[in-house]
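Colleague: Please take a close look at one helix pair for me. I would like to know how the two helices pack and what they touch with.

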Amino acid sequence: MPWVPIVKRVIMLFVVIIAAASINFVLPKLAPKNPVEDKIMEHAENGAQMNDISGLVAAYNEKFGLDKPIMVQYFNYLEGLATFDLGYSITFYPTKVSDMILNALPWTIGLVFTSTIIAFLLGSVLGALVAWRNSARIIKYLVPGFMVLAALPYYLLGLVMIYLFAFIWRIFPLSGGYSMFAIPSMDWSYIADVLHHSLLPALSIVLTSVGTWALAMRGMMVTVQGEDYMVYAEANGIGPVRRFLGYGVRNAMLPQITTLALHIGHIAGGAVLVERVFGYPGLGMVLFQAIEGADYFVIYGVVLMIIVMVALAMFLMDLLGPVIDPRVKL
């Protein structure tokens, strides 16, 4: 029956999410640090009056459920995931993890996700044009420059750009998502301020990603041009633009789109570095602070978000594959 493969894929989707979420639970526990004890000791070192530190640590361990056996913690963790209750941040108690993620998610989507899509589209078009025989010569000189930039990590190019465009020439701000005294609102002055702060980190992502997408697309486009249907289309007098878009790019794009779905998992990884360098208030910064402070519940929440994003992207790609390329049905 036609719905059986979809049911199997849905079951596999949940299996992947549960397995990855279980690994996500175990890994932070391997760290030797006790986040509650570390945070209380930090307050004590800053001059806070704490007479019974051990009793306070025990009380907070009990409150966060860290005093329970590991299996009990694990089942409580799965129960929380099933009910979308991600608990409270240890470092920023009583802030809820879900609130921290919801506040940071729009910033990451607006910066990292959008920049990745722009780099994907620009790189794919450039790569296809480089391999196309009828393209302008100037295109062939653009891609090598992007390939050089692709060898640089996000954060390294970001540091160079901060030094040049924010410190020396002062065209862009040094860090942050908006100006210090700006009031978040939907007026044009605030939106322009946010865009001004996001241009430099977005450029660092786009410039270091375009070359990689272009190289992959060029290889696929070279392969596609040797296919019989391309020769047949040219023999039938089909115009170069239609052959380029309808026959060449369409067939070369399927591996690119599959790679994009896999690349979504690296978005948050890149966000950690980019947002840390630029002081951007997104998921990457939240994850960095959580790892630094061994804030288990925040780590669980952010990494779970990444797991779900990757699993859903691959699930949708599995369903859209036959739509993009009918040959997949066979």
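Modeller: Start with helix H5 (residues 97-131) and helix H6 (residues 137-150), which in this predicted model pack at an angle of about 130°. Their axes lie 9 Å apart. Angles over 145 degrees would count as roughly antiparallel, and 65 to 115 as roughly perpendicular. The angle here fits neither group, so H5 is oblique to H6. The crossing has a hand as well: H5 passes H6 in a left-handed way.

Now look at the residues that touch. H5 brings Leu-126, Leu-129 and Val-130 to the contact. From H6 come Ile-139, Lys-140, Leu-142, Val-143 and Phe-146. Sort them by class, and the contact of H5 with H6 has 7 nonpolar residues and 1 charged residue. No polar residue takes part. The charged one is Lys-140 of H6.

H5 can be followed to another feature too. The structure holds 1 cavity of 30 Å³ or more. Its volume is about 30 Å³. Met-100 is one of the residues that line this cavity, and residue 100 falls within the 97-131 span of H5. Thr-91 and Phe-92 are also in the lining. So are Val-286, Gln-289, Ala-290, Asp-295 and Val-298. Helix H11 (residues 283-292) gives the most to this lining, with 3 residues. By class, the cavity lining has 5 nonpolar, 2 polar and 1 charged residues.

Methods
Residues are numbered from 1 along each chain as its sequence is written. This is a predicted model: local features need pLDDT of at least 70, side-chain atom pairs count only at pLDDT 80 or more; totals for chains, interfaces and linings use all residues. Side-chain values use heavy atoms; hydrogens and water are left out. On a 1 Å grid over the protein atoms alone, a cavity is a set of points where a 1.4 Å probe fits but cannot get out, and a pocket is an open set with protein on both sides within 12 Å along at least five of seven lines; lining residues have an atom within 4 Å of a point. Grid points are joined across faces, edges and corners, and a volume is the space filled by probe spheres set on the points. Helices (H or I, at least four residues) and strands (E, at least two) are DSSP runs, numbered from the N terminus. Axes are lines fitted to C-alpha atoms, for helices over the stretch in contact, and angles run from 0 to 180 degrees between N-to-C directions. Angles under 35 degrees count as roughly parallel, over 145 as roughly antiparallel, 65 to 115 as roughly perpendicular and the rest as oblique. A crossing is left-handed if the near helix is turned anticlockwise from the far one by less than a right angle, and right-handed if clockwise. Contact means heavy atoms within 4.5 Å.
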